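Thanks for asking me to look this over. Here are my notes as numbered points, to be read with the model open beside them.

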Amino acid sequence: MKKSPAYHHSFQNFQEKGLSFEQVFERIISFMTLKPNGNYRLMVGTDSQVHRSQTVFITGIVIQREGNGVWACIRKVIIPRKMTQLHEKISLELSLTEEIVSMFTEERKNQLIAVVLPYLYDGATFTMEGHIDIGAGKRNKTREFVKEMVTRMESIGVEPKIKPNAFVASSYANRYTK
């Protein structure tokens with residue numbers, strides 16, 4: 001393997017490995033098409049874990065049909081060094097989330113909206129969220145970065161969620177960073 005500053009892996013979940021983003025997008029469309037009159041939340045979030053000689057970043061993509069299941073996958077990025085600065089780590093987590101969000105181009109977002117569009121009057125919805133693994137609580141070390149990170153997420157047109165509502169980053173992605 002050629003050495004590079006970061007090792008990017010393809011997407012995967014329990015059923016499939018080696019998925020391209022195009023295949024991930026197809027899975028999301030298929031999931032939504034099964035019940036197009038549902039309430040959908042497309043959520044993207046990243047968490048990281050510092051190990052002895054590397055830092056592992058996991059970005060989760062979750063499409064949730066509220067009250068009716070999810071389809072999800074992850075992408076792993078390995079930085080071959082120990083990242084000890086909290087701001088650098090949080091900023092890179094958000095950058096990786098932004099990278100995945102940017103893959104959902106306007107055309108792709110319109111395709112997702114088109115699935116639920118005929119059912120809007122029946123209550124169907126679609127929202128997109130960026131889950132940021134930071135919290136505003138007094139005891140949270142990341143509270144000083146909340147405004148900066150939330151503003152970054154808002155600037156790309158995605159609804160930001162922080163702890164305790166950022167479960168894609170703080171729970172789903174977190175379990176794969178170990």
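1. Which residues of β3 are buried on one side, and which on the other? Thr 55, Phe 57, Thr 59, Ile 61, Ile 63 and Arg 65 lie on one side, while Val 56, Ile 58, Gly 60, Val 62 and Gln 64 lie on the other. Both faces of the strand are thus covered. Buried here means under 20% relative accessible area, with exposed over 50% and partly exposed in between (1.4 Å probe, protein chains only). As background, side chains in a regular strand alternate between the two faces of the sheet.

2. A word on the source: this is a predicted model, in which local features need pLDDT of at least 70 and side-chain atom pairs count only at pLDDT 80 or more, while totals for chains, interfaces and linings use all residues. Residues are numbered from 1 along each chain as its sequence is written, and side-chain values use heavy atoms, with hydrogens and water left out.

3. Strand β3 covers residues 55–65, and 11 of its 11 residues are buried, so the strand is largely enclosed by the rest of the structure. Helices (H or I, at least four residues) and strands (E, at least two) are DSSP runs, numbered from the N terminus.

4. Next, the partners of β3. Strand β2 (residues 39–50) pairs with β3 in the antiparallel sense over 11 bridges; two strands pair if DSSP finds at least two bridges between them. Arg 41 stands opposite Gln 64 of β3. The two strands form a hairpin, with 4 residues between them.

5. Strand β4 (residues 70–79) also runs antiparallel to β3, joined to it by 10 bridges. Ile 63 has Trp 71 as its bridge partner in β4, and Phe 57 stands opposite Val 77. This hairpin too has 4 residues between its strands, and there Gly 67 takes a positive phi near 75°. In β4, 8 of the 10 residues are buried, so β4 is largely enclosed by the rest of the structure.

6. Now the helices. Two packed helices are described by the angle between their axes and the distance between the axes. Helix α1 (residues 21–34) and helix α3 (residues 106–116) pack at about 15°, with axes 9 Å apart. That makes α1 roughly parallel to α3. Axes are lines fitted to C-alpha atoms, for helices over the stretch in contact, and angles run from 0 to 180 degrees between N-to-C directions. Angles under 35 degrees count as roughly parallel, over 145 as roughly antiparallel, 65 to 115 as roughly perpendicular and the rest as oblique.

7. Phe 21, Glu 22, Phe 25, Ile 28, Ile 29, Met 32 and Thr 33 in α1 meet Arg 108, Gln 111, Leu 112, Val 115 and Val 116 in α3. Contact means heavy atoms within 4.5 Å.

8. The axes of helix α2 (residues 86–103) and helix α4 (residues 146–155) come within 11 Å and cross at roughly 15°. That makes α2 roughly parallel to α4. Among the α2 residues that meet α4 is Glu 98. Glu 98 is buried, with a relative accessible area of 18%, and touches Arg 152 and Ile 156, not counting residues up to four places away in sequence.

9. One last spot to look at: a cis peptide bond joins Lys 163 and Pro 164, with omega about 10°. Pro 164 sits in the loop between β6 (159–161) and α5 (167–173).
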